[in-house]
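Colleague: I have a few questions before I go back to the bench. Could you walk me through this model?

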Amino acid sequence: MELNHITYSGPQFEEDSSLISALPQNLVSLLKQINGFVQFHGGLHVRGVCVTPSWHSLESAMSGSIALHRLYPVLTTSDIPFAQDCVADQFILRDSIVHKLEAETGTLESLGVGLGSFFSAIHENPIEYLTMQPLLQFQNEGGSLQPGQVLQVYPPFCTVQAGAGVRLSPISAQEAIVFLADFARQIIDIPTGGKFNIKITP
């Protein structure tokens with residue numbers, strides 16, 4: 001597998017981690033070569049087997065206090081949230097198939113590919129496959145993401161108002177996940193085309 005445009009590499013792989021037995025062998029093999037990474041200046045973040053930094057820790061995402069399955073009812077304890085994109089949508093391994101969790105809405109969709117094909121598709125067309133257009137817009141506006149950050153989008157992409165344009169700003173990935181999970185819970189019962197108000201507090 002060819003990896004390019006790596007802008008952050010994770011710390012040393014923790015060989016004694018109890019997490020390893022819960023991971024598929026092809027993911028373990030990848031993380032032993034490079035223990036997670038950020039690609040395309042934030043377009044893709046693959047988590048690693050480590051404790052720190054916490055934003056990079058796969059163990060934190062699977063079993064920590066803000067583990068993804070605790071925040072999103074659609075996920076289970078056996079799901080592996082191995083990666084995320086520039087707006088904190090999550091890539092989940094379930095039964096060796098990659099799924100995408102839309103962070104704003106909490107919906108889970110199978111991409112119908114395994115791990116190897118997932119990375120091959122990214123290599124072929126990263127902008128489209130990772131939906132990197134918001135990151136490109138942010139970069140064209142002079143912004144840049146630091147490791148551990150994603151883009152906060154306002155108004156949310158799931159709203160009609162987003163069609164007129166969105167404001168993008170950097171935010172801690174962990175903070176974004178908690179916020180988006182709470183947002184998804186609040187809109188879950190709103191039908192398509194329904195209305196809701198967003199109250200911004202200082």
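Modeller: Happy to, and please keep in mind that this is a predicted model. Let's begin with a residue pair: Pro81 has its bridge partner in β5.

Colleague: Which residue in β5 is the bridge partner of Pro81?

Modeller: Strand β4 (residues 80-85) is joined to strand β5 (residues 90-94) by four bridges, and the two run antiparallel. In β5, Pro81 is matched with Ile92.

Colleague: Which strands stand at the edges of the sheet?

Modeller: The sheet is open, and its seven strands follow the order β1-β2-β3-β4-β5-β6-β7 with antiparallel pairing. An edge strand has a single partner, so one of its sides is left without a neighbour in the sheet. That description fits β1 (6-9) and β7 (107-113).

Colleague: And what does the twist average from one strand to the next?

Modeller: Going from one strand to the next in this sheet, the twist averages 25°.

Colleague: How wide an arc do the buried residues of α4 cover around the axis?

Modeller: In helix α4 (residues 115-124), the buried residues are Leu115, Phe118, Phe119 and Ile122. They lie on the same side of α4, because the arc they cover around the axis is only 90°.

Colleague: How many disulfides does the count come to?

Modeller: A disulfide is a covalent bond between the sulfur atoms of two cysteines. A pair counts if the sulfur atoms are within 2.5 Å. For Cys158, the closest cysteine sulfur is in Cys86, 16 Å away, so that is too far for a bond. By this rule, the count is zero disulfides.

Colleague: Is Cys50 buried or exposed?

Modeller: Buried means under 20% relative accessible area. Cys158, at 34%, counts as partly exposed. Cys50 has a relative accessible area of 3%, so Cys50 is buried.

Key
Residues numbered from 1 in each chain as written. Predicted model: local features only at pLDDT ≥ 70, side-chain atom pairs only at ≥ 80, totals over all residues. Heavy atoms only, no water. Buried < 20%, exposed > 50% of the residue type's maximum accessible area, 1.4 Å probe, protein only. Arc of directions from axis to C-beta. Pairing = 2+ DSSP bridges. Axes fitted to C-alpha atoms, helices over the stretch in contact; angles between N-to-C directions.
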